[in-house]
Amino acid sequence: MCILTALIAVLAKRWFCQFYVDDLIKFVEQHCVGFELYRYREQQFVQQLLSYYRLESVIVYTARILGTLIFAGLIFHGLLSDGFILRAKYPFQADTFIGYGVVFCSQIIFIWHTLLSIVVLEVCCFQIISQLSLHFQLLSIDFASIGNEFLVHGPLGQGEAVVDRIRKLVLRHQYLLEFGNQVTEVFNMNFMGLFVASVIMICTSAFEVLLAKGNVMLIFRFVVLGLSSFYQILIWCFLGDLVAQKSSSICDAIASCNWTVLDTRQKKDLSFIMMRAQKPFIINVYRMFPLTYETFLMILSRAYSAFTVLMEMIE
């Protein structure tokens with residue numbers, strides 16, 4: 001049941017990326033444009049870019065390690081159990097030496113390609129959400145530095161420049177909110193399928209481990225599958241919560257800027273932005289499941305409830 005759910009989830013993920021490939025490419029291109037806006041800015045902007053690069057590197061390498069462990073667990077279990085990696089019926093005799101070799105090698109290639117594609121696709125989607133939180137953070141740094149022009153150059157001739165800068169930052173904030181809504185709309189179906197598959201995989205993998213009865217390779221296989229599903233939903237909820245935190249930090253950044261040197265119109269513009277930024281941007285899946293740590297705990301709770309039901313059925 002756990003492996004079947006994983007295969008269905010992989011096929012659904014590949015269909016999702018195939019169906020929304022143009023939108024995903026557009027998201028990546030827009031992030032690249034945003035990256036060019038800040039890569040040659042002050043040191044604090046560069047430090048944030050490097051910080052997120054390290055974070056995304058950790059996520060990518062962890063996903064690769066889990067994918068490799070799943071591959072190794074499936075292959076070694078198939079070798080040590082004198083059977084196939086995936087149970088299926090074939091239109092030819094698979095119990096001969098040649099038939100067994102052909103089937104086993106084809107399953108190795110299939111599993112390798114499947115795991116590689118899902119790791120690449122998932123990491124790409126991870127980075128889209130991660131970059132959204134990064135640009136909210138960079139925007140908050142930009143807002144926090146408003147008014148510093150007067151400290152360096154004095155008020156003479158800086159009024160219109162500050163007004164123009166505030167206008168650009170307001171447009172940038174509006175753009176990020178609209179971009180986040182587009183990302184949420186595209187990823188809604190993916191997140192909902194992920195929530196359902198995670199509940200099934202976590203509870204069934206724990207159930208299979210209890211039924212393994214000392215079979216080390218079988219235990220290893222299902223432990224890694226359960227950990228992979230756990231890691232996947234944890235990263236999504238972590239990134240969603242990070243987006244909410246960074247979007248709400250814009251309000252604090254405006255409050256900490258040098259607003260005392262601004263004129264009345266500029267202060268009024270900033271006050272409107274503060275009121276809007278007080279409400280964090282939350283990736284809300286179909287307006288029912290916000291992508292936060294609370295949702296992560298809810299998924300674990302549902303998985304545990306399903307696990308206890310399965311345990312009661314066999315007792």
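A residue counts as buried under 20% relative accessible area, as exposed over 50%, and as partly exposed in between. With these words in hand, the predicted model can be explored through its confidence, its nonpolar cores, its aromatic pairs and its cysteines.

Confidence comes first. The protein chain has an average pLDDT of 79, and 87% of its residues score at least 70. Among the elements of the chain, the lowest mean pLDDT, 54, belongs to helix α5 (residues 148-153), while the highest, 86, belongs to strand β1 (residues 284-285).

Next comes the interior. The largest nonpolar core holds 70 residues, and those touching the most other members are F143, I146, F187, W236 and L270. Two or more residues are contributed by each of several elements, including α1 (2-19), α4 (97-144), α6 (159-211) and α9 (293-314). Helix α6 provides the largest share of this core, with 16 residues. For a closer look at one member, F143 is a helpful choice: leaving aside residues up to four places away in sequence, F143 touches L169, V170, I250, A253, I254, C257, L270 and I273. There is also a second, separate core of nine residues, among them I70, L74, I111 and F222.

Aromatic rings add another layer to the picture, with nine aromatic pairs in the structure. One of these joins F195 and F289 edge-to-face, at 6.0 Å centre to centre and with 75° between the planes. Because F195 belongs to helix α6 and F289 to strand β2 (residues 289-290), this pair ties together parts that lie 94 residues apart in sequence. F195 is buried, at 6% relative accessible area, whereas F289, at 22%, is partly exposed. The pair of F230 and F296 is likewise edge-to-face, because the ring centres are 5.3 Å apart and the planes meet at 65°, and planes over 60 degrees apart count as edge-to-face. Here the link runs between helix α7, which holds F230, and helix α9, which holds F296, so parts 66 residues apart in sequence are tied together. F230 is partly exposed with a relative accessible area of 32%, while F296 is buried at 7%. Ring pairs also join F126, F187, F191 and W236 into a cluster.

Finally, what is the count of disulfides? The count is zero. The sulfur of C124 has its closest cysteine sulfur in C125, but the two are 5.5 Å apart, so they are too far for a bond, given that a disulfide needs sulfur atoms within 2.5 Å. C124 is partly exposed at 29% relative accessibility, and C125 is buried at 1%.

Conventions. Residues are numbered from 1 along each chain as its sequence is written. This is a predicted model: local features need pLDDT of at least 70, side-chain atom pairs count only at pLDDT 80 or more; totals for chains, interfaces and linings use all residues. Side-chain values use heavy atoms; hydrogens and water are left out. A nonpolar core is a set of buried Ala, Val, Leu, Ile, Met, Phe, Trp, Tyr and Cys residues joined through side-chain atoms within 4.5 Å. Buried means under 20% relative accessible area, exposed over 50%, partly exposed in between (1.4 Å probe, protein chains only). Helices (H or I, at least four residues) and strands (E, at least two) are DSSP runs, numbered from the N terminus. Contact means heavy atoms within 4.5 Å. pLDDT is the predictor's confidence in each residue, from 0 to 100. Rings of Phe, Tyr and Trp (its six-membered ring) pair if their centres lie within 6.5 Å; planes under 30 degrees apart count as stacked, over 60 as edge-to-face and the rest as tilted.
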